[in-house]
Amino acid sequence: MDQDLWIINKKAYDFKNFSHPGGDGIIANCKDMDCTDIFLSHHSFAEKNTMNRIKKYYIGSVGDISNDTPFFQKLKSINDAFPYFIWGVVALVLSYYIFM
C-alpha cells in the first residue's frame, strides 16, 4: 500500500494529489504526522467549506489503518530509536559538565 498520510483529529487523509491554496510546501511539511494542531491553527472546524473540501481525501480513522503502511513503519522506527536519542542527550549533558 503506497500512501502518504496526514492525521487530523485522529482521521487519516491522503493529500498526495491535493493542491493546497496556500502552497504545496504546507502539505509537504506535515506529511506522515499528526498535523491536527497546525490544521486547527489555520482552519476552524466551523469552516464547513474546508471540511467539505478535504472529505474526499479521507482514508479512515487512525485505528482502522493497517500497520504495514509506510506511515506506521516510519512511526515505529522513530519510536524504536527514541531511547537511543535520550541516552545521547544524557551523554552530551554529562560530557559538558565533566569537561567544562
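These exercises work through a predicted model of one protein chain.

**Exercise 1. Confidence**

Find where in the protein chain confidence is lowest and where it is highest.

*Solution.* Start with the chain as a whole. Its mean pLDDT is 75. Of its residues, 71% reach 70 or more. Next, go element by element. The lowest confidence falls in helix H4, residues 70-99, with a mean of 72. The highest falls in strand E2, residues 11-13, at 86. Keep one caution in mind. Where pLDDT is low, the predicted coordinates should not be read in detail.

**Exercise 2. The sheet**

Give the strand order of the open sheet and name its edge strands.

*Solution.* Take the order to begin with. Four strands make up an open sheet, in the order E3-E1-E2-E4. The pairing is mixed. Now look at the edges. Strand E3 (33-34) and strand E4 (58-61) each pair on one side only, and these are the edge strands. Then take one pairing in detail. E2 and E4 run antiparallel to each other, joined over three bridges. Across this pairing, Tyr13 has Tyr58 of E4 as its bridge partner.

**Exercise 3. Rings around Tyr13**

Classify the ring pairs that Tyr13 forms with Phe15 and with Tyr58.

*Solution.* A pair of aromatic rings is described by the distance of the centres and the angle of the planes. The structure holds seven aromatic pairs. One of them joins Tyr13 and Phe15, with centres 5.4 Å apart and 5° between the planes. Planes under 30 degrees apart count as stacked, so Tyr13 and Phe15 are a stacked pair. Now turn to Tyr13 and Tyr58. Their ring centres are 5.7 Å apart and their planes lie at 65°. The cut-off for edge-to-face is over 60, so this pair is edge-to-face.

Place the second pair in the sheet. Tyr13 is in strand E2 and Tyr58 in strand E4, so the pair ties together parts 45 residues apart in sequence.

Check exposure next. Tyr13 is buried, at 4% relative accessibility. Phe15 is buried too, at 5%. Tyr58, at 38%, is partly exposed.

Finish with the wider group. Ring pairs link Tyr13, Phe15 and Tyr58 into a cluster that also includes Trp6, Phe18 and Tyr57.

**Exercise 4. The salt bridge**

Which residue forms a salt bridge with Asp14, and is each partner buried or partly exposed?

*Solution.* A search of the whole structure gives one salt bridge. Asp14 forms it with Lys16. The closest N and O atoms are 3.8 Å apart, and the cut-off is within 4 Å. Now compare each side chain with the exposure classes. Asp14 has 17% relative accessibility, so it counts as buried. Lys16 has 38%, so it counts as partly exposed.

**Exercise 5. A nonpolar surface patch**

List the residues of the nonpolar patch and place Leu94.

*Solution.* The patch on the surface is formed by Ile86, Trp87, Val90, Leu94, Ile98 and Phe99. Together they have about 690 Å² of accessible area. Leu94 lies in helix H4. At 48% relative accessibility, Leu94 is partly exposed. Recall that helix H4 is where confidence is lowest.

**Exercise 6. Leu40 and Asn9**

How far apart are Leu40 and Asn9, in sequence and in space?

*Solution.* Locate Leu40. This residue is in helix H2, residues 36-42. With a relative accessible area of 37%, Leu40 is partly exposed. Now take the separation. In sequence, Leu40 and Asn9 are 31 residues apart. In space, their C-alpha atoms are 9.4 Å apart.

Definitions and conventions:
Residues numbered from 1 in each chain as written. Predicted model: local features only at pLDDT ≥ 70, side-chain atom pairs only at ≥ 80, totals over all residues. Heavy atoms only, no water. Salt bridge = Lys/Arg side-chain N within 4 Å of Asp/Glu carboxyl O. Buried < 20%, exposed > 50% of the residue type's maximum accessible area, 1.4 Å probe, protein only. pLDDT = per-residue confidence, 0-100. Helix = DSSP H or I, 4+ residues; strand = E, 2+ residues; numbered from the N terminus. Patch = residues over 30% accessible without salt bridge, like charges linked within 9 Å, V, L, I, M, F, W, Y side chains within 5 Å. Areas by Shrake-Rupley, 256 points an atom, 1.4 Å probe, with all protein chains shown as cover. Pairing = 2+ DSSP bridges. Phe/Tyr/Trp six-rings, centres within 6.5 Å; stacked < 30°, edge-to-face > 60°.
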